[in-house]
Amino acid sequence: MQRALLALVLAFAVPLQVTAAPVLLDVDASDVGRRVIHVRELVPAEPGPLALHYPKWIPGRHRPVGQIANVSALKITARGEALAWHRDDADPFTLHCTVPEGAKAVEVQFDLLLAAGSEGGAQFMTVASPKVMTMNWNDVLLYPKCAKPLELPVVARVKLPNGWKFGTALPVAKASDKDGSVLFEGVPLETLIDSPLLAGEHVRVVPIGAGKEHSVVIACDSPDGLEATPETLKAWNQLPAEAAALFGPERPYKAYTFLLGLSNHIPRAGIEHHQSSDNRLGELALVKAAERRTAATLFPHEFVHAWNGKFRRPADMIVGDYQVPQQTRLLWVYEGLTNYLGWLLAARSGLLAPDDAREYLALTAARMTNSRGRAWRPLDDTAAAASVLFDAPRSWASSRRAVDFYDEGTLLWLDVDVMIRTNTKGKKSLDDFCKAFHGGGTGRPEVKGYKLDDVLAALAAVDPATNWKAYFARRVEAVADAPPLEGITGAGWKLGFAEKPSDLFAAQEGLSRGVNLFDSLGLLLGPEGAVSDVVPERPAAKAGLAPGMKVIAVNGRRYTPDALKAAVGGTRTGGKLELLVESGDFFKTHAVEYAGGLRYPRLEKAEGRDDLLADIVKPRGK
């Protein structure tokens, strides 16, 4: 293997941008249709004890991830002889071996067995269907323990199935159409891991924006899903200009690529990187109106992360080794602010229609109102506990709280935006904070850390009339009975309820294949009537329903979503509501005391108030 890889590098005349001997990584993904990837690696090493790490704390994932459990057929050799290796007792992501005298490197071989569907948190890992693959380099390599691992030089090669095309932010040295091999220029390990690769049989590249710096690479299970609507293309083209208007013309990247994998056989996800984002949706997400509507904020959210999360990042989340835990308490800034700005850019670019933009806020406000764990857990604790909450079950989320720093962050930062606009009589807004705090990129990826005091100082420079430390102490660090809805009311609207769902609500409910009655019964059902969650002290919980149960019948008839909704609607005129529920091997009829009918969140215009939301979402880009 050593000679083969060295010969490959020499044959391709790779202009290595490194000074030390590089790690040579050869990834054979030609068998990915069977969900198997073969890895060969040459790691420079000195004689003596050697620790090899499988990357664990990957920026943007906010907890330990990785498919170390799916590593198979591992073999480590040196000078043609197999080396004995053993796993670290305290860290299963670390392997130990001894390099023999005279050896200058070890050769590592293993297979990566890809998880099926959404098993084992696969939405944040390398995933594949028979026609599409998104590959994260941290899943297909081991790196040696050293002083500055992020600076390790790596030369990577990947072999794709015949006929497949690819997209990535990595600089390409040479690609071959004959055997599907791609050789990349030598880069630091940090750059490699920050640059996922999207590949597939059906691939389309769409340049967006005014220049050549932005593009969308689409890989789909079929050619039917490759075509975006004219409205979507128009919004994509506007997105870079709106980002420039928000953050300023200086960029923290040289070029930016939206990688979009479309498949019904891989989990939906969005993951940020410095010069690209890894986005995954259903096969026909660009074709079906409901899926476009529910995914409208995906691109803007991940794009915002180029400034907020990648370029500017909480200092405690900047670590020099992928094995070192990150401290995530400031995720309400990293992710919460990004969630708000993603909504903002979606509306300004046209990805969200004005009505949908308002309904997005209504759904968010209702969802956070129903997150009753706020009575004991403050918002910043959901951020500090992100590493366990991300992979917690969805059941009991209302009682426990989930990663609420996303949705509540939207409401929080809308309130901040409205406060700044009100206090400065419209002369300043959160846009000014974004330019000052997140602007100033140098046209290349870099990281600038910050503490909470830095955020407070930047806000004070825009709006000195507000005691920002006290504000966030109340909103973020203390428990509260209600979410911050003052941004909505201050913008001239209020949370209300209607008997019919909005188009956005119906689209989200349809994709979940469940029934969302959180705002009437306090009940959330998954497919086939399975109880996903209940809101404490609401009718469903008082009637004895709980996650793990399954609704079998409604008022004596077999359960269907429509039958349940009809029965709930009938309670407004005195109709009864009795649910036959299965729990394990047991059955019981639960009488639900409720007379409010169907209730779906919406925003209602407040009388006598100016519509500040209309100004907030007004396009700024040119």
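Valine 551 stands opposite valine 581 in S31, within an antiparallel pairing of strand S29 (residues 550–554) and strand S31 (residues 578–583) that spans four bridges. The structure is a predicted model, with an average pLDDT of 94 for the protein and 96% of the residues scoring at least 70. Below 50 in pLDDT are residues 11–19, a stretch that nevertheless has 14 contacts in the model beyond near neighbours in sequence. Where pLDDT is low, the predicted coordinates should not be read in detail.

**Strands S31 and S32**

- S31 also pairs with strand S32 (residues 586–591), in the antiparallel sense and over six bridges.
- Within this pairing, leucine 579 has histidine 590 in S32 as its bridge partner.
- The two strands S31 and S32 make a hairpin with two residues between them. In its turn, glycine 584 has a positive phi of about 65°.

**Open sheet S9-S10-S17-S13**

- Four strands form an open sheet in the order S9-S10-S17-S13, and their pairing is antiparallel.
- Strand S9 (127–128) and strand S13 (165–168) are the edge strands, each pairing on one side only.
- Strand S10 (residues 132–135) and strand S17 (residues 197–200) run antiparallel and are joined by four bridges. Methionine 135 is placed opposite leucine 197 in S17.

**Open sheet S6-S7-S3-S11**

- Another open sheet of four strands follows the order S6-S7-S3-S11, again with antiparallel pairing.
- Strand S6 (85–87) and strand S11 (143–144) each have a single partner strand, so one side of each is left without a neighbour in the sheet.
- Two bridges connect strand S3 (residues 48–53) with S11 in the antiparallel sense. Histidine 53 has tyrosine 143 in S11 as its bridge partner.

**Second largest pocket**

- The volume of the second largest pocket is about 980 Å³.
- Its lining comprises 46 residues, of which Thr191, Asp194, Ser195, Gln275 and Pro445 are the closest to the centre of the pocket.
- Elements that contribute two or more residues to this lining are S13, strand S16 (187–188), helix H2 (189–193), strand S19 (214–220) and strand S20 (256–262). Among them, S13 is also an edge strand of the sheet S9-S10-S17-S13.
- By class, the lining of the second largest pocket contains 21 nonpolar, 14 polar and eleven charged residues.

**Cavities**

- Three cavities of 30 Å³ or more are found in a search of the whole structure. The largest cavity has a volume of about 40 Å³.
- Val23, Leu25, Glu41, Leu141, Leu142, Tyr143, Leu152, Val154 and Leu189 line the largest cavity.
- The lining of the largest cavity has eight nonpolar residues, one charged residue and no polar residues.
- Tyr143 in this lining is also the bridge partner of histidine 53.

**Positive phi outside glycine**

- Most residues other than glycine have a negative phi.
- Arginine 35, which is not a glycine, has a positive phi of about 65°. Arginine 35 lies in the loop between strand S1 (23–28) and strand S2 (36–44). With a relative accessible area of 27%, arginine 35 is partly exposed.
- Histidine 62 likewise is not a glycine and has a positive phi of about 65°. Histidine 62 is located in the loop between S3 and strand S4 (71–78). The relative accessible area of histidine 62 is 0%, so this residue counts as buried, the cut-off being under 20%.

Key. Residues numbered from 1 in each chain as written. Predicted model: local features only at pLDDT ≥ 70, side-chain atom pairs only at ≥ 80, totals over all residues. Heavy atoms only, no water. pLDDT = per-residue confidence, 0-100. Contact = heavy atoms within 4.5 Å. Pairing = 2+ DSSP bridges. 1 Å grid on protein atoms, 1.4 Å probe; cavity = no way out; pocket = protein on both sides within 12 Å on 5 of 7 lines; lining within 4 Å. Points joined across faces, edges and corners; volume = space filled by probe spheres on them. Nonpolar A, V, L, I, M, F, W, Y, C, P; charged D, E, K, R; others polar. Buried < 20%, exposed > 50% of the residue type's maximum accessible area, 1.4 Å probe, protein only.
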